[in-house]
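This briefing is meant for a reader at the bench who wants a careful account of the charged pairs and the main pocket. Please look over the sequence and the model shown here before turning to the notes that follow.

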Amino acid sequence: MQNLYESDRAVAEYLLFHYGSAEEILPYPSGPVSALGFAVRTVSELLDPHPLPAEARALDIGCAVGRSAFELSRRCAEVVGIDYSHAFVQAAELIRTHGNRPYERVDEGELTTALVARLPAQASPARVRFEQGDAMALRADLGVFDVVHAANLIDRLPEPIRFLERAPSLVKPGGLLLLTSPYTWLESFTPRTHWLGGLVRNGHPLRTLEALRRTLEPHFRLQERRDLPFLIREHARKFQWSVAEGTVWTRNA
């Protein structure tokens, strides 16, 4: 897992995914334009309809190269972004401190284009800090948050239940847990015995949302569910188009 997300290729791919313009990512007018801007939409579509206190704290767990953390800084006084990949955290921190991070977009074979990921307008980098960490073993002194944002994380964890069981202690009463995932359960990331869904158990097809309800509903109330398409460019003529399920959970008082 760490080898995949520590590579220069992965960092560049995610910088483009998080910060690239529509033209830089998808030069085809007939392409799936509604899938662009995913790292922005997970905040704007899931969080923006909900009021937050003036001094709100946010945790972006699995923050990758940081775009959603910067989006959270528009509405939150403090944002902690945590990712397992040292390379992703270093890229996010460079954007936070220097305002940009150059990278190479792959176009075809060895052909590349030089691009720059830039700090988003209206972001408040002084409110954000990034650190390397494990979603399954978060440090004990993180405190509690008004918002916990975990985008496309659970199906990349070896034991996702460990993160979900920690979630109630991370979210303040009345606070929000924002989850997105395409539920791509693969044994290369998660041993089959730890999949939350995508299985037949006791003759019953178990879907991930059902497992999320069973795990979270003693502590949270499901507020909203929506489909969130996203697009990752591999090169000029190859893309990953996926649809994450986005869910908003309110912590019980």
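**Salt bridges and the largest pocket**

Asp-146 has a relative accessibility of 9% and therefore counts as buried, since the cut-off for that class is under 20%. The structure is a predicted model, and the values below, which are computed from it, concern salt bridges and then the lining of the largest pocket.

**The pair between Lys-172 and Asp-146**

- Asp-146 forms a salt bridge with Lys-172, and the closest N and O atoms of this pair are 3.3 Å apart.
- Because Lys-172 belongs to strand β7 (residues 171-181) while Asp-146 belongs to strand β6, the pair ties together parts that lie 26 residues apart in sequence.
- Whereas Asp-146 is buried, Lys-172 is partly exposed, with a relative accessible area of 27%.

**Other salt bridges**

- The structure holds 19 salt bridges, and the pairs described here are among them.
- Glu-217 and Arg-213 form a salt bridge in which the closest N and O atoms are 2.7 Å apart; Glu-217 is partly exposed at a relative accessible area of 34%, and Arg-213 is also partly exposed, at 37%.
- A salt bridge also joins the side chains of Glu-234 and Lys-238, with an N to O distance of 3.2 Å; here Glu-234 is buried, with a relative accessible area of 18%, whereas Lys-238 is partly exposed, at 42%.
- Four residues, namely Arg-41, Glu-45, Glu-224 and Arg-226, are linked to one another in a network of salt bridges.
- As a general point, side chains of opposite charge can pair when their charged atoms come close.

**The largest pocket**

- The largest pocket has a volume of about 850 Å³, and of the 44 residues that line this pocket, Tyr-5, Tyr-14, Phe-88, Asn-152 and Arg-156 are the closest to its centre.
- The lining of the largest pocket draws at least two residues from each of several helices and strands, including helices α1 (2-6), α2 (8-19) and α4 (38-44) and strands β1 (57-61), β2 (78-83) and β6 (145-151).
- Strands β10 (220-235) and β11 (238-251) likewise each supply at least two residues of that lining, while the largest share, 6 residues, comes from α2.
- By residue class, the lining of the largest pocket divides into 25 nonpolar, 12 polar and 7 charged residues.

Conventions: Residues are numbered from 1 along each chain as its sequence is written. This is a predicted model: local features need pLDDT of at least 70, side-chain atom pairs count only at pLDDT 80 or more; totals for chains, interfaces and linings use all residues. Side-chain values use heavy atoms; hydrogens and water are left out. On a 1 Å grid over the protein atoms alone, a cavity is a set of points where a 1.4 Å probe fits but cannot get out, and a pocket is an open set with protein on both sides within 12 Å along at least five of seven lines; lining residues have an atom within 4 Å of a point. Grid points are joined across faces, edges and corners, and a volume is the space filled by probe spheres set on the points. Helices (H or I, at least four residues) and strands (E, at least two) are DSSP runs, numbered from the N terminus. Ala, Val, Leu, Ile, Met, Phe, Trp, Tyr, Cys and Pro count as nonpolar, Asp, Glu, Lys and Arg as charged, and the others, Gly among them, as polar. Buried means under 20% relative accessible area, exposed over 50%, partly exposed in between (1.4 Å probe, protein chains only).
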